[in-house]
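I opened the notebook to look at what sits inside this protein chain. My plan was to start with the core and then follow the strands.

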Amino acid sequence: MTAFVLVPGAHTGGWVWQEVAERLRAAGAEAHPVTLTGMRDEAQAAHAEGEFGDVGLGTHIDDVVRRIDRLPATAEVVLVGHCYGIHPVLEAAARRTGRVARIVYVDTAPAQDGDPALALIPDPDVRKALTGADGPGSLVPPPDRERWPHWGHLDDVPGAALDRLVARAAPQPSGTLTRPVRIPPEVAALPSTGVLCTANGSTLAVLGQVVGLGEPRLLALTEPRVRFLELASGHWPMLSAPDELAALLLRAAAGEGERLTAPSGPPSHLRPFLLDLPERPRERVGRVDLYPPDAAPADAADPATPAAPAHTADPTDPADPADPADPADPADAATPTTPAHAADPAESATPADAAAQATPPTTPAQAADPATPTDPAHAADAAESATPADPADAAAPAHAGDAAAPTTPTTPTHAADPATPAPRAVPRPAVLLVHGGPVPEGVSPTPRDWPGYVGYARYLAGRGVLAATVDHRLHDVADYPRAADDVAAAVALVRADPRVDADRVALWFFSGGGLLAADWLAEPPAWLRCVAATYPILAPLPSWGLGETRFQPARAVRSAGGLPFVLTRAGLDLPEIAATQDTFLAAAEDAEARVEVIEVPAAHHGFETIDHTDAAREAVRRAAGQVLGQLRG
């Protein structure tokens, strides 16, 4: 007989599993909800401060082991952990490996050996308060009704069940969250099933994209012993969908579920860019790569299009194809915005006071929420990217095996005639490309060497602007403040470059990097002529716990004024991401913001290296044309 041991998440007791347990028993299985030490079923008022403060993760592991030991020797034991509960489950399995048939993760990320449970807690305030703490000693108060959404999507939880969750939630001993979990190889080898709660942002498609990055620890999810089942619910399926969850647990125990497959050949993000572009010089300064434009203006030339016969351009002839403002060039033409968003393009071209612009600010309004102090260590790290790196960095060889990495030298191929005065270089506009994420730390090559970003940078530099990419440090959803500092430092570096017109800069965000656009939309500086975003996440996903942070483009757009925003949408994008774009567009319409939408109906997330179609190529050219048009307007 199958015996389910049901271990609750933080702040909850065995009571949270009651309805699921009843359904499992009705189906002929045993079900044993566990109330971990300190997580009494009484209301939290029964917990005096310090009563359970000395409880640690080891205490909760003992609780689960004792429950296993009371089961019949013939029982096929399935350990089920929700959220925090997976940590005591894993170490209990290490002590009783021979008794455990399968481990089931309910809407929780796979724990890694050496990680504390704190790494799984989505509430940033809890993580911040406990970061650096070691061992037991205090109690973490449960969230109030307003903060429970920070722990995951619960819009589908019935009102009565939500009342019960709020009323019965108990303080969590801090030592249960701060001690690293230890996962020996024999536990890692046990069969496991992940129940993915799709309304909380967990889907097979999302997981497949993350696995596709090639991070070795995540590749373990493609092993045959690992299965996945999707459930259309939020983070609390035991309260919102007990029937469906019980049915999935029975299927999991039977070994059912979908498998993830390891990518065959290069992962999608390392495949060739959809435009065939020549290599270009690239300069590396700290975390930033710079792609200078050609010495001679190349505004009208599409580097991915064969050149037309040479001729002398007549700058007064609006039909001359060498004229960068030629409306016949679909890549340069400024496509009209929708009526609700129409505005005079000149509005965004008004320079701020010259004295104020003489020294480029490091951040947009200091690129930090005044209520959110920047960690001095992060500020120092971010500033590091604004300082020229070791000379060896600028001449660093291309990453081995990276077909997109240019090898063209950055020095001229011939010496200038010393008798002929060099023409004064005209400063050019600049575009900073901001990659998505989170990207696991240690992934190689890093995003600035991915063909997609290299391709965009080459294309833009070929159109006559200085293009730049930045390897910001968004490795986890908790890293958005640090990544924002990295982007702000990169902006300062680009604007300080003597080849750049510091009053004409655009920022272009991709995927999960879209949340980083919020700072620049909330208080757009006068020199920022345009913001672009391609298949972006424009509101935090429910499981990210970022609900009250400043990284909310769908809110910030209400303060964007006349700042143009170019949004490229992939018609085959993940529904969870598309929903954030819908939210953004609704807010933009209410605020009468200037938004140009470029739809690519048959394109996937990351289409530039996946969908080599004419429509996708045209979308890239059109988006670039919109950005360039605003920079030159």
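I looked up the largest nonpolar core first; in this predicted model the core has 72 residues. I listed those with the most contacts inside it: F4, L6, W17, V80, I103, W236 and L249. Next I asked which helix gives the most to this core. I found helix α11, residues 242–253, with 6 residues. I also noted another core, which lies apart from this one and has 56 residues. W544, L574, F584 and A588 are among them.

Then I picked L6. What is L6 in contact with, leaving aside its neighbours within four places in sequence? I wrote down W17, A21, L24, A31, H32, P33, V34, V80 and L249.

V80 made me check the strands. I found that V80 is the bridge partner of L6 in β3. I read off 6 bridges joining strand β1, residues 2–7, to β3. These two strands run parallel.

I stayed with β3, residues 76–82. Is this strand mostly covered or mostly open? I saw that it is mostly covered, with 6 of its 7 residues buried.

I turned to strand β4, residues 100–106. I counted 6 bridges between β3 and β4, and this pair runs parallel. I marked H82 standing opposite V106 in β4. Last, I traced how the chain crosses from β3 to β4. I followed it through helix α3, residues 86–95. I noted this β-α-β crossover as right-handed.

Methods
Residues are numbered from 1 along each chain as its sequence is written. This is a predicted model: local features need pLDDT of at least 70, side-chain atom pairs count only at pLDDT 80 or more; totals for chains, interfaces and linings use all residues. Side-chain values use heavy atoms; hydrogens and water are left out. A nonpolar core is a set of buried Ala, Val, Leu, Ile, Met, Phe, Trp, Tyr and Cys residues joined through side-chain atoms within 4.5 Å. Buried means under 20% relative accessible area, exposed over 50%, partly exposed in between (1.4 Å probe, protein chains only). Helices (H or I, at least four residues) and strands (E, at least two) are DSSP runs, numbered from the N terminus. Contact means heavy atoms within 4.5 Å. Two strands pair if DSSP finds at least two bridges between them. A crossover is right-handed if, with the strands pointing away from the viewer, the path from the first strand over the helix to the second runs clockwise.
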